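User: Please take a close look at how helices pack in one part of this structure. I would like that part set in its surroundings in a single connected account.

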Amino acid sequence: MTDLALDVVQQLLNGFLFGSSYALIGIGFTMIFGVMDKFNLAFGVTALAGAYTALLVLHLTQGPLALLFPVAVAAAGLVGLVVELVCFRWMPRDYPLAPLMATVGMLFFIDEVIVHGTHGRPMAFPAPMGEVMMDVGPWLLRGDLGFMFLVSLGVMGILWTLVYKTRLGLATRSVSQQPVAAQLCGISLVRVNAAVFVITGMIGGVAGVLIGSAVGALSPLLSLPLTVKGLVTAVLGGLGSIPGAIVGGLLLGIVEYEALYFFGIGYRDMVTYLLLFVFLVFRPGGLFGQTRH
Amino acid sequence: MSLLTLFGFRILLGLSAYVVILTGQISMAQAGFYALGAYTAATATAIWGWPIVPAILLGGLVGGLFGFLVGFPALRVRGLFLVIATLAFTEIVRMVFLNLKYTIRVGDRTIGPAAAEGFRGITYYYENGWSALQIMAFTWLFVLAVLAGFWLMDRSRAGAVLRAVGEDELAAASVGINLTAAKVAAMAAGGLVAGLAGALYAHYATYLSQEEFGALLATFAIAYPLVGGTGSVAGPIAGVLFFSLLIDGLRFLGDWRNLLFGVLIIAMMNLRPHGIIDVGLVRRLRALLHLRRERAYAGD
């Protein structure tokens, strides 16, 4: 095999593995859109808030690294609930722009809390698997990316059980298909919405920790790219579709890593956005989208 | 003085998003048009040596042209999908300027867009000895012209057409409104105004860096009309005043100001979800005005 082919496959592998974190962020955007038909632009920063809280608790308690995940999950779930309360619950149902703007306010607020707390400096984030490298044939498997992929897979498995095997999941799916009919069947919209915000927040917390340890640092500057990447993922897969978000995230990861290899850092994001624009124009429903939007 | 000039750019940017919002579309492309206007006009004066007025108009035209071009594919995408598509456009424009290199050497200075280093040496105002007052007046000349244009449009058939499309596309189409024409026209007008704003800003700032023209600027562009309300052209102005007064008025709070900023946006959207000056308020004010006029007639 030529060197070029080797490199292309290597980037494919890295992109695929890193894409799993985009998938988690994308799931957050897509699930909230699924039940409410609205965007939560504060979701990326919710994930970041979870990771920061975990880092804070870790510094305060000097506890084991394993503490990162439960703390981040709990904190981000709580932030998710707060976002639902202040940005969605009291807003008019049929006017999506008001909560959109409110979540932008939330994005600024949480970002500023982080800047305030850390004096705007990036904070080193522990990378438990950062040193591990594995040889897979001629290719190199980065331990942290492999770890990220496995954890993401676990989260997706739990989510699948939750959505398809529990009563809450049934309620969530019915609300996302037909809110009025769901309400007529005695499902409380408010409770389902709150539950979805908490669950997606928790997923965001996991994603935040994974991204923090893969990047090796946390910075408030991450919030905007996370938001944009999450939206791109959700749109690529088709808004409202969880499998779509997973495929979209992996695809985005691969495209980014290949574009990085072929065109360099200056053009990487341009390729991503061009792909997105083309996708939106020629296939507005995304890969797994329904036609209702 | 320079604060008033800054208000001018923000109001133009808010108005450019406002005209698109009237048709029920949310465009994050305004920051891209703004950047295109800024780089074009700056290139015209700094590299080609054009006088200021044609350069600014060229910036506006380029913005308008791209608005027209983006308007067509955007027809296929609606609602929140358009937000993403136009955000992608803004980011693509930003990436182009991140990589664009087109410089000349004048003496010992490098002028023009130098990729990641930004666009240096937009010194038209400085070279021609304009005072801050003159710059402010020149900027507001454009602001007032656009304001007047939009105000007249709002009261004319064109405004009614745009609002009809925004309220209900199906109903608008069924009474014979050409949806394509209305949406593309709104997008082109928005692009033109954003291009003008960017062109004016470039000469005020004297230095451009692609970082300024990202998602944050696009968010502010739509935040002005959304927070201020889309009931009339006063809406975006109210939005600009709301944000600008918060940014500059809360300075005494020091670091805490930025924290309060987000909280206030959330509070505003909860209290007045349709913006400060929404359609309802405009209608009530009109009714009030009308009532008074009628009373005056009755008194005769």
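**A helix crossing and its setting**

Analyst: In this predicted model, chain A is made up of 11 helices and four strands. Its C-alpha trace extends over about 60 × 50 × 35 Å along the principal axes. A compact globule of 293 residues would have a radius of gyration near 19 Å, and because chain A has 19 Å, its value agrees with that expectation. Of those 293 residues, 52% count as buried, and among contacts in chain A between residues at least 6 apart in sequence, 76% join residues at least 24 apart.

The part I would single out is the crossing of helix 2 (residues 43-61) and helix 8 (residues 189-215) of chain A, whose axes come within 7 Å and cross at roughly 65°. Two packed helices are described by the angle between their axes and the distance between the axes. The crossing of helix 2 and helix 8 of chain A is right-handed. Helix 2 of chain A brings Phe43(A), Thr46(A), Ala47(A), Leu48(A), Gly50(A), Ala51(A) and Ala54(A) to the contact. From helix 8 of chain A come Thr200(A), Gly201(A), Gly204(A), Gly205(A), Ala207(A), Gly208(A), Val209(A) and Gly212(A). An α-helix has 3.6 residues a turn, so residues three or four places apart point the same way. By class, the residues of this contact of helix 2 with helix 8 of chain A divide into seven nonpolar, eight polar and no charged, where glycine is counted among the polar residues.

In sequence, helix 2 of chain A is preceded by a loop that follows helix 1 (3-36), and Asp37(A) is found in that loop. The phi of Asp37(A) is near 60°, a positive value in a residue other than glycine. Most residues other than glycine have a negative phi. Asp37(A) has 18 C-beta neighbours inside 10 Å and therefore counts as partly exposed.

Two other residues of chain A show the surroundings away from this crossing. Gly120(A) sits in the loop between helix 4 (97-118) and strand 1 (123-124) of chain A, and it counts as exposed because it has 12 C-beta neighbours inside 10 Å. Not counting residues up to four places away in sequence, Gly120(A) touches Val115(A) and Pro220(A), while its C-alpha atom is separated by 34 Å from that of Gly237(A), which lies 117 residues away along the chain. Leu162(A) belongs to helix 5 (residues 143-165) of chain A, and with 14 C-beta neighbours inside 10 Å it counts as partly exposed. Leaving aside neighbours within four places in sequence, Leu162(A) is in contact with Leu168(A) and Gly169(A).

Chain A is not alone, for 36 of its residues are in contact with 34 residues of chain B. On the side of chain B that touches chain A, helix 3 (52-76), helix 4 (80-99), helix 10 (215-228) and helix 12 (256-271) of chain B each supply at least two residues. Helix 4 of chain B gives the largest share of that side, with 12 residues. By class, that side of chain B has 24 nonpolar, seven polar and three charged residues.

Chain B itself has 13 helices and three strands, and 48% of its 300 residues count as buried. Met101(A) and Leu12(B) touch the most other members among the 192 residues in the largest nonpolar core, to which helix 9 (residues 179-205) of chain B gives the most, with 16 residues. Not counting residues up to four places away in sequence, Leu12(B) touches Phe142(B), Val143(B), Val146(B), Val193(B), Leu196(B) and Ala197(B).

Beyond helix 9 of chain B, Thr206(B) lies in the loop that leads to helix 10 of chain B. Thr206(B) has a positive phi of about 65° although it is not a glycine, and with 16 other C-beta atoms within 10 Å it is partly exposed. Helix 11 (residues 234-249) of chain B has several buried residues, including Ile237(B), Val240(B) and Phe243(B), and the buried residues of this helix pack against helix 1 (2-22) and helix 10 of chain B.

How values were computed:
Residues numbered from 1 in each chain as written. Chains lettered and ligands numbered in written order. Predicted model: local features only at pLDDT ≥ 70, side-chain atom pairs only at ≥ 80, totals over all residues. Contact = placed C-beta atoms within 7 Å. Core = buried A, V, L, I, M, F, W, Y, C linked by C-beta atoms within 7 Å. Buried ≥ 20, exposed ≤ 12 C-beta atoms within 10 Å, placed from the backbone. Axes fitted to C-alpha atoms, helices over the stretch in contact; angles between N-to-C directions. Left-handed = near helix turned anticlockwise from the far one by under 90°. Rg over C-alpha atoms; globule rule 2.2 N^0.38 Å.
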